[in-house]
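Dear colleague,

I am passing on the structure we spoke about, and I would be glad if you could look it over before reading my notes. The notes come after it.

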Amino acid sequence: MEQGLHEQSNALLEKEVQPVNGIQQVIKQLASAGIPICVGSNGHPFTVRMSLERTGLLPWFGDNVFTASDVGIPKPAPDLFLHGAKMAGISPEHCVVIEDSATGLKAAANAGMRSFVYSPENSPTPANLFGAHPFQSMTALPELLGLVPA
């Protein structure tokens, strides 16, 4: 039964998933600035990669897609973000996490990383931001990160 539900949700996700408006431009700006990027998700590895592929974002991340299964413990433990930082060769205090959940914000704080919380209009903002700066549109992120337009 669980297998069938998993297959149904993946089929629906594959058909319905869309990239967040403005994310491609942000990723292009990060890439042109030479800033390494990765994904750190509690999601199932297949679902995470499939979502990135369907939205056209996977080529930007390549092998830098990590899930809780890679480290054996999900967020809010810091392990997933620390693993991503290690793989990128960057110390945690020089990393920035973009999150949309309280669990992820807590993981970023536990990892000693600066964070921003994506909280679009008509979407609830987590009650505890763990020091994260909220923003409502991906188009605002490059300025928050100090990037110049590409």
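What follows is a short account of the pocket, the strands beside it and the cysteines.

Please keep in mind throughout that this is a predicted model.

I begin with the largest pocket, which holds about 1,400 Å³ of space. Its lining is made up of 42 residues, and those lying nearest the centre are Cys 38, Val 39, Gly 40, Phe 61 and Ile 98. Sorted by class, the lining of this pocket comprises 30 nonpolar, eight polar and four charged residues. Several elements supply at least two lining residues each, namely helix 2 (23–32), strand 1 (39–41), helix 3 (45–54), helix 6 (79–88), strand 3 (96–99) and strand 4 (114–118); of these, helix 6 gives the most, with five residues.

Strand 3 deserves a slower look, since Ile 98 is among the residues nearest the centre of the largest pocket. The side chains of strand 3 alternate along its length, with Val 97 and Glu 99 pointing to one face, where they are buried, and Val 96 and Ile 98 pointing to the other, where they are not.

Strand 3 pairs with strand 4 in the parallel sense over four bridges, and within that pairing Ile 98 has Phe 116 as its bridge partner, while Glu 99 has Val 117. Between the two strands comes helix 7 (residues 102–111), and the three elements together make a right-handed β-α-β unit. Strand 4 itself is mostly covered, as four of its five residues are buried. On strand 4 there is also a parallel pairing with strand 5 (residues 133–135), joined by three bridges, in which Phe 116 has His 133 as its bridge partner. Phe 116 is thus a bridge partner of Ile 98 in strand 3 and of His 133 in strand 5.

Lastly, the cysteines: how many disulfides does a search of the whole structure find? The search finds zero. Cys 38, one of the residues nearest the centre of the largest pocket, is in no disulfide, and the nearest cysteine sulfur, that of Cys 95, is 7.5 Å away. Because a disulfide requires the two sulfur atoms to be within 2.5 Å, the 7.5 Å from the sulfur of Cys 95 to that of Cys 38 is too far for a bond. As for their surroundings, Cys 38 counts as partly exposed because its relative accessibility is 37%, whereas Cys 95, at 12% relative accessibility, counts as buried.

With best wishes

Methods:
Residues numbered from 1 in each chain as written. Predicted model: local features only at pLDDT ≥ 70, side-chain atom pairs only at ≥ 80, totals over all residues. Heavy atoms only, no water. 1 Å grid on protein atoms, 1.4 Å probe; cavity = no way out; pocket = protein on both sides within 12 Å on 5 of 7 lines; lining within 4 Å. Points joined across faces, edges and corners; volume = space filled by probe spheres on them. Nonpolar A, V, L, I, M, F, W, Y, C, P; charged D, E, K, R; others polar. Buried < 20%, exposed > 50% of the residue type's maximum accessible area, 1.4 Å probe, protein only. Pairing = 2+ DSSP bridges. Right-handed = clockwise from strand over helix to strand, strands pointing away.
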